[in-house]
Amino acid sequence: MHQIDGQAIDLPADSQPYISIPEREYLELRSQVGYWKAMHQKALLREEGLKQEIKEKDGQIRDQKLQDEQLHIGRR
């Protein structure tokens with residue numbers, strides 16, 4: 001059940017309500033779609049790079065802990 005202008009309208013499940021907007025607004029929205037898709041892709045690439053950086057740092061920390069343990073054991 002959909003409401004339009006305060007009135008309940010029962011539409012079939014496969015039906016989509018249509019909204020009319022000016023062409024200029026439509027073109028602006030279409031332009032924004034491309035921009036935001038590009039920004040999303042850029043963010044995904046940045047996220048992937050940061051995840052890789054975290055893996056590398058975790059490995060460095062693990063290696064440093066192992067070295068510290070070996071030095072500590074060697075001093076006994």
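**Reading the labels in a predicted model**

In this predicted model, the protein chain holds 1 helix and 2 strands, and from the N terminus on its elements run β-β-α.

User: Why is L27 called partly exposed?
Analyst: The relative accessible area of L27 is 49%, and since the term covers values between the 20% limit for buried and the 50% limit for exposed, L27 is therefore classed as partly exposed. L27 is found in helix α1, which spans residues 23-74.

User: What makes the nonpolar surface patch, and what is its area?
Analyst: The patch is made by I19, I21, Y26, L27 and L29, and has an area of about 510 Å². Membership requires over 30% relative accessible area, a condition that L27 meets with its 49%.

User: Why is the aromatic pair of Y35 and W36 called edge-to-face?
Analyst: A pair of aromatic rings is described by the distance of the centres and the angle of the planes. For Y35 and W36 the centres are 4.8 Å apart, with 80° between the planes; rings pair if their centres lie within 6.5 Å, and planes over 60 degrees apart count as edge-to-face, so both conditions are satisfied. A search of the whole structure finds 1 aromatic pair.

User: Why is W36 called exposed, whereas Y35 is called partly exposed?
Analyst: Exposed means over 50% relative accessible area; W36, at 54%, is therefore exposed, while Y35, at 45%, is partly exposed.

User: How much of the protein chain counts as buried?
Analyst: Of its 76 residues, 1% count as buried, and its accessible surface comes to about 7,800 Å², of which 53% belongs to carbon and sulfur atoms.

Technical notes: Residues are numbered from 1 along each chain as its sequence is written. This is a predicted model: local features need pLDDT of at least 70, side-chain atom pairs count only at pLDDT 80 or more; totals for chains, interfaces and linings use all residues. Side-chain values use heavy atoms; hydrogens and water are left out. Patches are made of residues with over 30% relative accessible area and no salt bridge: like charges are joined within 9 Å, nonpolar side chains (Val, Leu, Ile, Met, Phe, Trp, Tyr) within 5 Å. Accessible areas come from the Shrake-Rupley method with a 1.4 Å probe; for residues, only the protein chains shown count as cover. A salt bridge is a side-chain nitrogen of Lys or Arg within 4 Å of a carboxyl oxygen of Asp or Glu. Helices (H or I, at least four residues) and strands (E, at least two) are DSSP runs, numbered from the N terminus. Buried means under 20% relative accessible area, exposed over 50%, partly exposed in between (1.4 Å probe, protein chains only). Rings of Phe, Tyr and Trp (its six-membered ring) pair if their centres lie within 6.5 Å; planes under 30 degrees apart count as stacked, over 60 as edge-to-face and the rest as tilted.
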